[in-house]
Each structure stands twice: as C-alpha cells, then as structure tokens.
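Biologist: I'd like a close look at one part of this model: the place where the domains meet. Could you start there and then work outwards, so that I can see what sits on either side?

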Amino acid sequence: MSVQLPFELDYKPHLGTKTDYGIGFCGTGGIVQYAHIPAYKRVNFNMVACYDLNVATAKQVAAQHFIPNAYGSLDELLADPAVDIVDIAVPPWEQLAVVEKVAAAGKHMLCQKPLSQDFNEAKRIVELAKEAGVKQAINQQMRWDAGIRASKDLINRGIIGQPTDAQIQVSVLTPWHMWPWLAAVPGLEVMFHSIHYIDAIRYLFGNPEWVTSRHARYAKQGIVKGETKTVTVMDYADGLQALVSVNHYNAYAEPFATFRFIGTEGAITGTIGLMYNYPAGRPDTIEITSEQFGAGVKITPTLDELWIPDAFVGTMASLMIAIETDSTPQDNSTDDNLNTLRVVNAAYRSAAENRSVRFDEIQ
Ligand SMILES: NC(=O)c1ccc[n+]([C@@H]2O[C@H](COP(=O)([O-])OP(=O)(O)OC[C@H]3O[C@@H](n4cnc5c(N)ncnc54)[C@H](O)[C@@H]3O)[C@@H](O)[C@H]2O)c1
C-alpha cells in the first residue's frame, strides 16, 4: 500500500512577481550552456546579452539561443541598459576583477561558487556589492536540489524531531575532463565539489562548531594535482554530527550518491540523482520515516525535478525576488556563503595541520 504525505512537499523554486529582469552573461562556457540557459528557458527568464573572453563562444551561444547581443568586452555588456543582472560564470580567480566592474556599473549580480579560492578576496567580493548598493547572490544551487529542499521542508515541519546525524556520501567516477582548468588547482575536491554538500548541510542545520577533514589523492589521477577523496566531519554544539564523504575515482564499484538525515523522531534518506550520470542526471529519490506516520511506515514521494537544470532557476529567482523587494537574497546571499567558505577553509586547515579546526577560527 502506498502511503501519501499528509501535506504537499514544498521543494520547487518560487518565482517573484517580476521575472523579466534582463540577464547578461559574463562567461558562456560549459555551466552556462548546459545548466543556466536551459533553466532560464524553462521559466522564460529574459536573457538579453552575453560576453566571453572567447568571443567566438559568446557569439555561438547567442546565435544558438536567440540572445540578442554578444559583446566583445565586459564594458560593452555593462553599458547595455537592458542588462539588469550580470550572471557571472568565469573561473574563480577571474571573479573579483569582474565583480569590481559590475559593482562599479551599478548592476546586480549572480556570482559563481566558489566566490574565490582566497578567503580575503571572497570577503572583498561581498563588500564591493554592499558598497555599490547592488544585490549579489551566489549560484550555490544544491539548496534548490529537490532532495535537499524537500528535506528542509520536512525538517522544518519537525518530521524527524531534533536532527542528530547527517550524512552525504558520494562515490562516483567524475568526468574531470569537463573542467581542464581544474587539473592545476591546489585545492580541488572540497573547494569545488564538496562545497555543495557543505553548503547543503549548513542550509539544513546552520554553522558547525568544529570541522575535521582528511584529504587524499587517487593513485592513478595523473596530472590532476589536488585532493580527490575527502572525508569531512562537522560537529555541532547540540551533538549533531554531519559527515561529507566523497570519492571521485570509483571506477569499478557500483556508484552511489546518498543523503541521510536522522533525528530523534524519524529519518530522511535519499539519492542525489545528478551524481549518477553528470550532467544529465536523474531525479532524486527520497524515503521518509517518522513517529508521526506510525511504526514501519515508509513514505516515498516522487520528486520530479533535476538538479541540472531546475535548481538553477532557484538561485536566479531568489536574486530577482531580492531586487524586487529590496531585500537580501533569502537562501543564497553571498554574506551567508562566506560561512560555507569558512567551513571549506577550515577543512583545508584541518587536513594540513592534522587537527580539528573551530569554525570561528576562519575570519
Ligand atoms: N554552480 C555549479 O554547480 C557549477 C558547476 C560547474 C562550474 N561552476 C563554476 O562556474 C564557473 C565556470 O565553469 P565552467 O564549467 O562553465 O567552465 P568553462 O571553462 O567551461 O567556462 C568558463 C568560461 O569563462 C570564460 N572566461 C574566463 N575568464 C573570463 C573573463 N575574465 N571574462 C569573461 N569570460 C571569461 C572562458 O573563456 C570560458 O568560456 C567556475 O567558477 C566553476 O567553478 C559551477
């Protein structure tokens, strides 16, 4: 017998009433082409211009997706009055210089994760938007992944009671060739990938007290310089422990990407569909048990959204709502994202110094 939830799960992105802000892309590489643009097309967001250092790429993207203007410089894109929001999707070491110009032009912006590999630079990016009085959000979109957002709704409703144990465990064969520039970065897995899981854990449970992280390389990872297998534990003041464990070189065993959030009165378990076949993915699955539903009852609602592209609607929609209502982006302000970067930086310090690091040590 299939059992239904006694309420409707709130897990899809919410749109504001004004959704026609003009979006101009700075950087039109992989993620814009296979995630941002398909997401924005689904909800008719207004893509008006693009620019990329590689002008041919920008022109090709504009032609393919009927974006009216492909510019030869960022200055030209910023001078276009139709551009209200700059959607930045460049490698992180390029981001600060782009943000300086966007803020000076008085345009709102969606930044990419990580804000920067350098924490001081990340703080500067956040300050620049404040000084310019423009809205700035981060495209840290796992918060809108269906399984995570559904879990947030369930936890808020008290379905699992007090959370005591959280785990995100991923063991897959990652297509690193999609990001050739990542081969050279010194900090790879936590900075560019586990950052999503760390941010999702923070979204669900807030900031930890302690961070402990262990990092390793895979014997056959060749020219890829950084760590590719990591285990990170986030300890909370109330006894909650969160584990993020990731292996990107599972070439032989059955891949898995799972989440488990266990509490004093129930549990939520599920799979992260995107990681089974990146970037096409499949929908997440979720299974809920709770004292509220009775012993032995498992409820398995169907989640019919994909991380890519659907979650990418959420990050941009949140920025648009902040502009419309003159407020801070609710779930993806860059100010809040600095705390995700604090955990990331604490993880690197923990691994380098073989010790647990307090969250507030990173300032
Ligand atoms: N949010 C996510 O889930 C997610 C997923 C993948 C990548 N990313 C991030 O998105 C960014 C881009 O990643 P990608 O996979 O699209 O990489 P990519 O290499 O496919 O594309 C990057 C593009 O940026 C252009 N570029 C570089 N410097 C520029 C500059 N100063 N001005 C304008 N264009 C410039 C390049 O020519 C290239 O076309 C990175 O910061 C990455 O970390 C985020």
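Modeller: Sure, and one term first: two residues are in contact if their C-beta atoms, placed from the backbone, lie within 7 Å. Keep in mind that this is a predicted model, so local features need pLDDT of at least 70 and side-chain atom pairs count only at pLDDT 80 or more, while totals for chains, interfaces and linings use all residues. Residues are numbered from 1 along each chain as its sequence is written.

The domain assignment splits the protein into domain 1 (22–134) and domain 2 (142–312 + 340–361); such bounds come from an automatic or database domain assignment. Taken over C-alpha atoms, the two domain centres are 27 Å apart. Where they meet, 14 residues of domain 1 are in contact with 13 residues of domain 2. On the domain 1 side, α1 and α5 (119–132) each supply at least two of the touching residues. α1 gives the most, with 7 residues. (Helices are DSSP runs of H or I with at least four residues, strands are E runs of at least two, and both are numbered from the N terminus.) By class, that side of domain 1 has 9 nonpolar, 3 polar and 2 charged residues. Here Ala, Val, Leu, Ile, Met, Phe, Trp, Tyr, Cys and Pro count as nonpolar, Asp, Glu, Lys and Arg as charged, and the others, Gly among them, as polar.

Now for the ligand. Both domain 1 and domain 2 give residues to the shell around the ligand, so it lies between them. A residue is near the ligand if its C-beta atom, placed from the backbone, lies within 6 Å of it. There are 24 residues around the ligand, and Gly 27, Gly 29, Gly 30, Ile 31 and Leu 53 come nearest. Two elements give two or more residues to this shell, α1 (30–42) and α4 (92–104). So α1 turns up twice in this story: in the ligand shell and on the side of domain 1 that touches domain 2. The shell residues divide into 12 nonpolar, 9 polar and 3 charged.

Stepping back from α1, follow the chain a little way. In the loop between α1 and β2 (46–51) you'll find Asn 44. Asn 44 has a positive phi of about 60°, although it isn't a glycine. β2 itself belongs to an open sheet of 6 strands, ordered β3-β2-β1-β4-β5-β6, with parallel pairing. At the edges are β3 (69–71) and β6 (136–138), each with a single partner strand, so one side of each has no neighbour in the sheet. On average, neighbouring strands here are turned by 25° against each other, direction ignored. β1 (22–26) pairs with β2 in the parallel sense over 5 bridges, and Gly 22 has Asn 46 as its bridge partner in β2. (Two strands pair if DSSP finds at least two bridges between them.) Helix α8 (307–325) lies across β4 (85–88), β5 and β6, at about 155° to β5. For such angles, axes are lines fitted to C-alpha atoms, for helices over the stretch in contact, and the angles run from 0 to 180 degrees between N-to-C directions.

On the way to α5, the loop after β5 (108–111) holds Pro 114. The peptide bond from Lys 113 to Pro 114 is cis, with omega near -15°.

There's a second sheet to look at. It is open, with 8 strands in the order β13-β12-β11-β7-β10-β9-β8-β14 and mixed pairing. β13 (285–290) and β14 (357–358) are the edge strands with one partner each, so one side of each is left without a neighbour in the sheet. Helix α7 (189–205) packs on this sheet, touching β7 (163–171), β8, β9, β10 (241–247) and β11 (256–263), and its direction makes about 155° with that of β10. β7 and β10 run parallel, joined by 7 bridges, whereas β9 and β10 pair antiparallel over 7 bridges. These last two strands form a hairpin with 5 residues between them, and Gly 239 in the turn has a positive phi of about 100°. Within that pair, Thr 230 stands opposite Val 246 in β10.
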